[in-house]
Amino acid sequence: MTSSRRSAALEEQAGAERTRLTRAVVVGRALQLADADGLEALTIRKLATDLGVTPMALYWHFRSKDELLEGLAERIWSEIDVNVDSAVPWAAQLRGLLESLLWVLRAHPAGSEVLLHSEKQGEAWSNAAEVTLGLLRAAGFDPDMASAIARSTLWTGIMLVMSEPGAAWLTDDERIEVQRKKQVGLASLPPAKYPRLVECAVPMTACDDPDQHYEFGVRLFIGGVEAIAADGACDHRR
C-alpha cells in the first residue's frame, strides 16, 4: 500500500472511530484512568488504547494532553452542587459549597491535581464562582474580600483532600505501623524541652478518622469567615 493510500486508510479509520466517541465519553474514561493510575500516567496514547481507538481519533476532540486536562477540570467542576438554599444563612450556603467540593474531590483521587493544573476557566467553573461570589456579596463582603474568600474556599478544599490522614495507598497494617513509629518518635523527645509534643504524641499522629479531619477543616474555615464578618471586616478598606 502506498503512503497516500495508507494515510487515507488511517484517516478513514479515525473518522469511523470518531463516530463511536463523544467528548463526554473521552473525558469520562480519562478521568477514570487518572483516578486509578494517577495524572502522570494518563497519556493520549494510553487513553486511545484503553478506548480501542487510534490516537488520531482522540485528537479530533483534544489536540493535546493540556486540552484533555481542561476537559477533566470542567467535568470535575460540573459535578459540584451549586444549588444553594438561599433561605438558609450565608455561612450555611458557603459550607454547603465547600462540602460539595470536598465530596467531589474525595470521589476523584486525581481531582485536586487536575484543578491545581487547570488554567482555563470553563462554564462549570464560572457557575460555581458566580454562586459563591453572589452569596458572599449578599452577606456584605466587598468585591475584594468576597473574591479572597472564594479563592480560599477552593484552596481549603484542595488542601484538606491532599492532606487527608491515613495515606490511602497503605494497607491497614502499614498505616498502623507508620502511626506507631511517629508516636514513638514524638513520645521519645526530651520531655523537659518538648513537654507538649510528648503530651500530644498520640493525637498529633492520629490518622484513623478522615471524616473528623474534614469536619474540623470545614468548621475552622467557616468559623474564620464568620469571624471576619463579625469583626466588621467585610470591607477590606476599613
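# Notebook: a look through a helical model

**Entry 1. Starting at one residue.** I began with Asp-50, which counts as partly exposed because its relative accessibility is 37%. My cut-offs here: buried is under 20% relative accessible area, exposed is over 50%, and partly exposed is in between (1.4 Å probe, protein chains only). A note to myself before going on: this is a predicted model, in which local features need pLDDT of at least 70 and side-chain atom pairs count only at pLDDT 80 or more, while totals for chains, interfaces and linings use all residues. Residues are numbered from 1 along each chain as its sequence is written, and side-chain values use heavy atoms, with hydrogens and water left out.

**Entry 2. The overall plan.** I looked up the secondary structure and found 13 helices and zero strands. Helices (H or I, at least four residues) and strands (E, at least two) are DSSP runs, numbered from the N terminus. Of the 238 residues in the protein, 36% are buried. I then checked contacts, meaning heavy atoms within 4.5 Å. Taking those between residues at least 6 apart in sequence, 71% join residues at least 24 apart. The protein exposes about 14200 Å², and carbon and sulfur atoms supply 55% of that. Such areas come from the Shrake-Rupley method with a 1.4 Å probe; for residues, only the protein chains shown count as cover.

**Entry 3. Salt bridges.** Back to Asp-50, this time for its partner. I counted a salt bridge when a side-chain nitrogen of Lys or Arg is within 4 Å of a carboxyl oxygen of Asp or Glu. The whole structure has eight salt bridges. In one of them Arg-29 pairs with Asp-50, with the closest N and O atoms 2.4 Å apart. Arg-29 lies in helix H2 (residues 23-37) and Asp-50 in helix H3 (residues 44-51), so the pair ties together parts 21 residues apart in sequence. Arg-29 is partly exposed too, with a relative accessible area of 27%.

Next I looked at Asp-37 and Lys-46, which form a salt bridge with the closest N and O atoms 3.0 Å apart. Asp-37 is partly exposed at 43% relative accessibility, and Lys-46 is partly exposed with a relative accessible area of 33%.

A third bridge joins the side chains of Arg-95 and Glu-215 at 2.7 Å, N to O. This pair links distant parts of the chain, since Arg-95 is in helix H6 and Glu-215 in helix H13, 120 residues apart. I find Arg-95 partly exposed at 23% relative accessibility, and Glu-215 partly exposed with a relative accessible area of 34%. Glu-99 joins Arg-95 and Glu-215 in a network of salt bridges.

**Entry 4. Helix H9.** I checked the length of H9 against the expected span, which is 1.5 Å times one less than the number of residues. For the 20 residues of H9 that gives 28 Å, and its end C-alpha atoms are 29 Å apart, which agrees. Which helices do the buried residues of H9 pack against? I found helix H5 (65-78), helix H6 (90-107), helix H7 (111-117), helix H8 (123-138) and helix H13 (210-230). Among the buried residues of H9 are Met-145, Ile-149, Leu-154 and Val-161. I reminded myself that an α-helix has 3.6 residues a turn, so residues three or four places apart point the same way.

Trp-155 is in H9 (residues 143-162) as well, but it counts as partly exposed, because its relative accessibility is 46%. Together with Leu-116 and Met-162, Trp-155 forms a nonpolar surface patch of about 330 Å² accessible area. Patches are made of residues with over 30% relative accessible area and no salt bridge: like charges are joined within 9 Å, and nonpolar side chains (Val, Leu, Ile, Met, Phe, Trp, Tyr) within 5 Å.

**Entry 5. Gln-179 and Leu-197.** Is Gln-179 buried or exposed? Gln-179 is buried, because its relative accessible area is 15%. I placed Gln-179 in helix H10 (residues 172-187). The side chain of Gln-179 reaches the backbone oxygen of Thr-205 at 3.5 Å. Leaving out residues up to four places away in sequence, Gln-179 touches Thr-205, Ala-206 and Cys-207.

Last, I looked up Leu-197, which sits in helix H11 (residues 195-199) and is partly exposed with a relative accessible area of 30%. Beyond its neighbours within four places in sequence, Leu-197 is in contact with Leu-186 and Leu-189. Its C-alpha atom is 9.9 Å from that of Gln-183, a residue 14 places away along the chain.

Key: A polar contact is a pair of N or O atoms within 3.5 Å; within protein, one must be able to donate a hydrogen and the other to accept it, and residues adjacent in sequence count only if both atoms are side-chain atoms.
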